[in-house]
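Visitor: Got a minute to go through this one with me? I'd like to start with the ligands.

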Amino acid sequence: MSEYEVIHEKSPAFYDKFERKAELQQQTHYCPGCGHGVAHKLIAEALTELGLQDRAILVSPVGCSVFAYYYFDVGNVQAAHGRASAVATAMKRSHPESIVMSYQGDGDLAAIGTAEIVHAANRGENICVFFINNSIYGMTGGQMAPTTLMGQVSTTSPWGRRANNEGLPLHMAEMLASLETPTYIERVALSDMKNIMKAKKAIKKALQIQKDGGGFSLVEILSPCPTILKMDPLVARKWVGETLMKEFPLGVFRDHRPELPTPPQIPVKTVAQALGVDEDEEAAPLRRHHTREITVKFAGFGGQGILLMGQMLAEMGLREQMEVSWLPSYGPEMRSGSAHCHVTLSHERIGSPLISRPDVLVAMNELSLRKFASGVVPGGLILYNADKLPADFKVTHARAICIPVSEMADQIGSAKVANVIMLGALLEETGCLPTDTAIDVLEHSVKNKKLLELDRKAIAAGRDYVDTTVEVGAVAQPDGYSY
Ligand SMILES: Cc1ncc(C[n+]2csc(CCOP(=O)(O)OP(=O)(O)O)c2C)c(N)n1
Ligand code: SF4
């Protein structure tokens, strides 16, 4: 009988079965000899040994390790490329009792995610970052990484990396250690058993620091990528020890808790208090009038007061104690570009401000009518700024009312009030809010007396038009009237 018992055992921090591929439930998707698998094992073991599995959240990146969540039986989140340490920040701050790890490759952390990691480290976030430096982009087939070695050939540096063209390899551990705030930064390597054991120790230490509330840790793990380096797995591992480690020497670059100035004592305020908004529901006046839930899309071009129309409606809803949302969307042009906004008035909390099927479309120009009319819910309403629909345009699923608000505004005395006329028409036709409330909002927000007078007339004109001119019916026809 042998002196040793060989135990092949998977850490309990891994799932029993990897469900990604039904036929390969004990295998990861990593290439043979890839360092990701080894790093996963070390992290899983460290979590188990520290009793942290149930509190752990792993943020996986974009890169070969994107599927880490198929393996770790912990809380899992997958972040957009480069954002893992920012997502980890959010996880930790919203769940301070959890142990949050961001796991990132060199493309993810040191290229697209440079800003995120620098700022997470600089804020001294109480998270662990496991940074896999394999000197190349693995997932995408071998593009140059910030950590690619001098002279190393990649698909984007086929001549070999040159200092005057691609710059020198980026030493993230050293760079981050120059900040005041990180607690622990070490570089380790998956080059041989001795170094792998050291890597495990470093990973465990980082997790312990977080457990103790000690602040930001980063363990840079030099790792083999035999596939892209076109090496046998053992050769790739040796290459890490003999070549990669020469450029990136192992060591502890930081190991002490930062001494930060004590922050001033700021009285804790709620957001509503800080904004000066009264949040005391009991003190809030009761809903004054009958109101109706509605979703509206206002659309036209910049300069027509599209966004303002939406804001006014939302403001009116607020006055009536409704839940409201206003979501603008516009191009870079101040004038003439397309603009639209979504407004929801609701008696319940609003899930999303985005409206894909509005009850009402207010189309202030033909382009918007053509673009958005089909999105209106069946039986919904379209208010169109013209005296009739375009000859070749038919609406069969919703009621369309044509109101030439631009012309009417000219008659009232200012082209500026076309949007207010439309608002008056909207209120009258839908009955979603009382017109008095519209006047209240205008009185509150329009300081210029002349303009306010025009606005009053505009609201009244819109109401009257709908009241007196439009025949109510099922579906509007090209002449602008409903039958
Ligand atoms: C926004 C965005 N840009 C680029 C990509 C393409 N992309 C996917 S993974 C990757 C780099 C991965 O390299 P690394 O972080 O070193 O991880 P590895 O695959 O080597 O483990 C890139 C550039 C993407 N998915 N998303
Ligand atoms: S390409 Fe490289 S980093 Fe990606 S799984 Fe294969 S060996 Fe690992």
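Visitor: Which residues are around ligand 2?

Guide: This is a predicted model, to begin with. Around ligand 2 you find Tyr-30, Cys-31, Cys-34, His-36, Cys-64, Asn-134, Cys-225, Pro-226, Thr-227 and Ile-228.

Visitor: How does that shell split by class, nonpolar, polar and charged?

Guide: Seven are nonpolar and three are polar, with no charged residues in the shell around ligand 2.

Visitor: And which helix gives the largest share?

Guide: Helix α8, residues 226-229, which supplies three residues of the shell around ligand 2.

Visitor: OK, on to ligand 1. How many residues surround it, and which are the closest?

Guide: Ligand 1 has 16 residues around it, and the closest are His-36, Asp-106, Asp-108, Gly-138 and Met-139. His-36 is also among the residues around ligand 2.

Visitor: What does the His-36 side chain do with ligand 1?

Guide: An N or O atom of that side chain sits 2.7 Å from an oxygen atom of ligand 1. Asp-106 has a polar side-chain atom 2.4 Å from a ligand 1 oxygen. Gly-138 uses its backbone instead, with an N or O atom 2.8 Å from an oxygen of ligand 1.

Visitor: How much of ligand 1 does the protein bury?

Guide: The protein buries 71% of the 590 Å² that ligand 1 exposes when taken alone.

Visitor: Which helix gives the most to its shell, and what's the mix of classes?

Guide: Helix α3, residues 106-112, gives the most, with four residues. The shell around ligand 1 has six nonpolar, eight polar and two charged residues.

Visitor: Switching to the backbone. What is phi at Ser-135?

Guide: Phi of Ser-135 is near 70°, a positive value in a non-glycine residue. Most residues other than glycine have a negative phi. Ser-135 is in the loop between β4 (128-133) and α5 (163-166).

Visitor: Is Ser-135 buried or exposed?

Guide: Ser-135 counts as buried because its relative accessible area is 0%, and the cut-off for buried is under 20%.

Visitor: And what about Lys-230, where is it and what is its phi?

Guide: Lys-230 is in the loop between α8 and α9 (233-247), and its phi is also positive, near 55°. Lys-230 has 74% relative accessibility, so it counts as exposed.

Visitor: Last thing: what's the mean pLDDT of the chain, and where does pLDDT stay under 50?

Guide: The chain's mean pLDDT is 91, and 93% of its residues reach 70 or more. Residues 472-483 stay under 50, and the model has 40 contacts beyond four places in sequence for them.

Methods
Residues numbered from 1 in each chain as written. Chains lettered and ligands numbered in written order. Predicted model: local features only at pLDDT ≥ 70, side-chain atom pairs only at ≥ 80, totals over all residues. Heavy atoms only, no water. Near = heavy atom within 4 Å. Polar contact = N/O pair within 3.5 Å; in protein donor to acceptor, adjacent residues only side chain to side chain. Areas by Shrake-Rupley, 256 points an atom, 1.4 Å probe, with all protein chains shown as cover. Helix = DSSP H or I, 4+ residues; strand = E, 2+ residues; numbered from the N terminus. Nonpolar A, V, L, I, M, F, W, Y, C, P; charged D, E, K, R; others polar. pLDDT = per-residue confidence, 0-100. Contact = heavy atoms within 4.5 Å. Buried < 20%, exposed > 50% of the residue type's maximum accessible area, 1.4 Å probe, protein only.
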